[in-house]
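Subject: Structure handover

Hello,

Here is the structure I promised to pass on. Please open it first, then read my notes below.

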Amino acid sequence: TEQKLLKAETLNVVGELAAGVAHEIRNPLTSLKGFVQLIQNQTDDFNQYLSIILSEVDRIEHIIKEFLVLSKSNSQNFELTCIKAIIKDTVDLLNTQAIMKNIEILTEFEDGIPLLFCDSMQLKQVFINFIKNAIEASSIGNKVDVTIKMCPDSEYVQIKICDYGCGMEESVLKKIGKPFFTTKDEGTGLGLMVSNNIIKHHNGKLDVQSEKGIGTKFIISLPINQQN
Ligand code: ADP
Ligand code: MG
């Protein structure tokens with residue numbers, strides 16, 4: 001346990017450092033952008049290059065923003081929490097995005113799920129990441145299934161996020177969760193890495209099953225008797 005605590009501490013410190021750096025990068029970026037726009041307004045020369053600079057700066061800003069949002073979930077606040085409520089919140093939050101693709105997020109919660117000793121803000125971040133990924137992988141009109149049930153051994157609560165979207169081939173599956181690995185134009189490749197860290201903080205497990213063209217299932221298992 002001591003080693004686990006140490007690991008959690010290290011992750012926290014690294015997260016805080018990274019968030020600090022991300023914050024510091026933001027200000028010079030804003031000034032960079034301002035001056036490029038200023039030059040653009042003064043002259044028509046190099047317009048094409050200046051546009052490229054602006055869009056690259058936008059891209060850095062996007063990554064930093066997502067990074068800061070993710071690292072906010074770093075302060076730990078463990079308490080007994082209803083996991084159903086967290087998932088309901090998350091689904092409500094993402095429904096607008098789902099509706100735009102005509103996607104229905106269906107939830108199925110088993111009765112008698114116990115309260116879990118966990119950090120609700122961190123876990124919400126995890127569920128947002130997985131359900132967002134599921135929506136992004138889906139085609140118009142697909143559905144996304146989110147279920148909560150007890151493991152047969154009764155030691156874990158199992159949360160499944162199942163989509164019927166693009167799926168992943170072996171080569172992609174091997175790389176997911178590595179920092180900055182993404183197959184999306186607007187992706188950051190940070191979601192799964194951060195989610196994985198949070199699940200580890202909770203002594204949980206993460207499994208994935210995916211088939212190209214068929215869909216993907218992420219299974220998060222969180223321990224019931226957890227007193228950190
Ligand atoms: P991002 O969403 O910014 O790309 P993530 O860490 O959340 O970063 O995901 C990394 C990559 O894993 C994605 O770019 C995608 O290739 C793959 N992936 C994650 N979830 C799914 C899913 N449900 N279906 C298909 N591919 C997925
Ligand atoms: Mg993502």
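Let me start at the end of one helix. Right after H6 comes Asn 203, with a positive phi near 55°. Remember that this is a predicted model.

**Asn 203 and two other turns of the backbone**

Asn 203 sits in the loop that links H6 to E6. Asn 203 is not a glycine, yet its phi is positive, about 55°. That deserves a note, because most residues other than glycine have a negative phi. Is Asn 203 buried or exposed? Neither label fits: it has 17 C-beta neighbours inside 10 Å, so it counts as partly exposed. The cut-offs are 20 or more for buried and 12 or fewer for exposed.

Asn 102 follows H3, and its phi is also positive, near 55°. Ser 154 is another residue other than glycine with a positive phi, in this case near 65°. Look for Ser 154 in the loop between E4 and E5. Ser 154 counts as exposed, because it has 10 C-beta neighbours inside 10 Å.

**The chain as a whole**

The protein chain has six helices and seven strands. Starting at the N terminus, the order is α-α-β-α-β-β-α-β-β-α-α-β-β. There are 228 residues, and 25% of them are buried. Now take the contacts with a separation of 6 or more. Residues 24 or more positions apart account for 73% of these.

**Around ligand 1**

How many residues surround ligand 1? The number is 22. The closest are Ala 137, Thr 182, Gly 187, Gly 191 and Leu 192. By class, the shell holds nine nonpolar, eleven polar and two charged residues. Two helices, H4 (120-137) and H6 (191-201), each give the shell at least two residues. H4 provides the largest share, with four residues.

Gly 187 lies in the loop between helix H5 (170-173) and H6. With 16 C-beta neighbours inside 10 Å, Gly 187 counts as partly exposed. Glu 66 is 121 residues away from Gly 187 along the chain, but their C-alpha atoms are 9.6 Å apart.

Gly 191 belongs to helix H6. Gly 191 counts as buried, because 22 C-beta neighbours lie inside 10 Å. Leaving aside neighbours within four places in sequence, Gly 191 is in contact with Asn 129 and Asn 133. Gly 191 and Phe 130 are 61 residues apart in sequence, with 8.0 Å between their C-alpha atoms.

Gly 191 has buried company in H6: Leu 192, Val 194, Ser 195, Asn 197, Ile 198 and His 201.

**Helices H4 and H3**

H4 has 18 residues. From first C-alpha to last, H4 reaches 25 Å, close to the 26 Å expected at 1.5 Å a residue. Of its 18 residues, 13 are buried, so H4 is largely enclosed by the rest of the structure.

H3 covers residues 83-100, which is 18 residues. At 1.5 Å a residue, H3 should span 26 Å, and its end C-alpha atoms are 26 Å apart, which agrees. Where does H3 bend? The bend is at Leu 94, by about 45°.

The buried residues of H3 are Ile 83, Ile 86, Ile 87, Thr 90 and Ala 98. What covers them? The cover includes H4 and the strands E1 (79-81), E2 (104-109), E3 (116-118), E4 (143-150) and E5 (156-163).

**The hairpin after Asn 203**

Strand E6 spans residues 205-211, and strand E7 spans residues 215-223. The two run antiparallel, and seven bridges join them. Which residue of E7 is the bridge partner of Asp 207? Ile 219 is. E6 and E7 form a hairpin with three residues between them. In the turn, Gly 213 has a positive phi of about 80°.

**Where to look first**

Begin at ligand 1 with Gly 187 and Gly 191, which are among the closest residues. Then follow H6 to Asn 203, and go on to the hairpin of E6 and E7. Finish with H3 and its bend at Leu 94.

Best wishes

Notes: Residues are numbered from 1 along each chain as its sequence is written. Chains are lettered from A and ligands numbered from 1 in the order in which they are written. This is a predicted model: local features need pLDDT of at least 70, side-chain atom pairs count only at pLDDT 80 or more; totals for chains, interfaces and linings use all residues. A residue is near a molecule or strand if its C-beta atom, placed from the backbone, lies within 6 Å of it. Ala, Val, Leu, Ile, Met, Phe, Trp, Tyr, Cys and Pro count as nonpolar, Asp, Glu, Lys and Arg as charged, and the others, Gly among them, as polar. Two strands pair if DSSP finds at least two bridges between them. The expected span of a helix is 1.5 Å times one less than its number of residues. The bend at a residue is the angle between axes fitted to the seven residues ending there and the seven starting there. Two residues are in contact if their C-beta atoms, placed from the backbone, lie within 7 Å.
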